[in-house]
Amino acid sequence: MQIFQYILLAFLVICAVSVSFSKRLLNSILIFMSYSLIMSIIWILLESPDLAITEAAVGAGVTSVLFFATLKKIHAMREEDEEDHEQTDSRR
């Protein structure tokens with residue numbers, strides 16, 4: 001069980017570092033969601049189910065939905081898709 005906890009902690013650190021280096025906003029949100037889910041599993045292992053449920057609902061659920069809605073509202077998702085198409089067209 002200790003090995004599993006160390007693996008989760010390593011993934012937690014990897015998620016935290018990779019969010020700061022991610023260039024696309026959508027990828028950052030997805031990494032943030034995985035960070036929250038890993039954190040909720042850690043709360044379960046620490047025998048704190050109330051915090052685990054809160055972390056999963058608020059961290060991975062509500063906050064991520066708000067981030068997605070914000071990206072859609074400011075049209076950031078569409079701009080990233082257009083940039084990807086422009087980069088692939090320029091490579092051809």
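This is a short tour of a predicted model, moving from one residue to a helix pair, then to a core and a last helix.

**Stop 1: S36**

Start by selecting S36, which you'll find in helix α2, residues 25–45. Is S36 buried or exposed? Its relative accessibility is 1%, and buried means under 20%, so S36 counts as buried.

Now show side chains and add E55 to your selection. The side chains of S36 and E55 are joined by a polar contact of 3.5 Å. What else does S36 touch, once you skip its neighbours within four places in sequence? Besides E55, S36 is in contact with G59 and A60.

**Stop 2: α2 against α3**

Keep α2 on screen and select helix α3, residues 49–73. The axes of these two helices come within 8 Å and cross at roughly 170°. Angles over 145 degrees count as roughly antiparallel, and α2 and α3 are therefore roughly antiparallel to each other.

Next, colour the residues where the two helices meet. On the α2 side, pick out L25, L26, I29, L30, F32, M33, S36, L37, M39, S40, W43 and I44. Facing them from α3 are L51, A52, E55, A56, G59, A60, T63, S64, F67, F68 and L71. Try colouring this contact by residue type: you should get 17 nonpolar, 5 polar and 1 charged. Your S36 and E55 from the previous stop both belong to this meeting of helices.

**Stop 3: the largest nonpolar core**

Clear the view and select L8, L12, C15, I31, I38, M39 and I42. These 7 residues make up the largest nonpolar core. Which elements give two or more residues to this core? They are α1 (2–21) and α2, and α2 gives the most, with 4 residues. For background, nonpolar side chains tend to be buried together in soluble globular proteins.

Zoom in on I38 while you're here. Leaving aside neighbours within four places in sequence, I38 is in contact with L8, F11, L12 and C15. Among these, L8, L12 and C15 are core members themselves.

**Stop 4: A76**

Finally, jump to A76, in helix α4, residues 76–91. With 9% relative accessibility, A76 counts as buried too. What does A76 touch, not counting residues up to four places away in sequence? Show L25 and L71, and you have both of them.

Draw a C-alpha to C-alpha distance from A76 to L25: it should read 7.9 Å, although the two are 51 residues apart in sequence. You've met L25 and L71 before, where α2 meets α3.

Notes. Residues numbered from 1 in each chain as written. Predicted model: local features only at pLDDT ≥ 70, side-chain atom pairs only at ≥ 80, totals over all residues. Heavy atoms only, no water. Buried < 20%, exposed > 50% of the residue type's maximum accessible area, 1.4 Å probe, protein only. Polar contact = N/O pair within 3.5 Å; in protein donor to acceptor, adjacent residues only side chain to side chain. Contact = heavy atoms within 4.5 Å. Axes fitted to C-alpha atoms, helices over the stretch in contact; angles between N-to-C directions. Parallel < 35°, antiparallel > 145°, perpendicular 65-115°, else oblique. Nonpolar A, V, L, I, M, F, W, Y, C, P; charged D, E, K, R; others polar. Core = buried A, V, L, I, M, F, W, Y, C linked by side-chain atoms within 4.5 Å.
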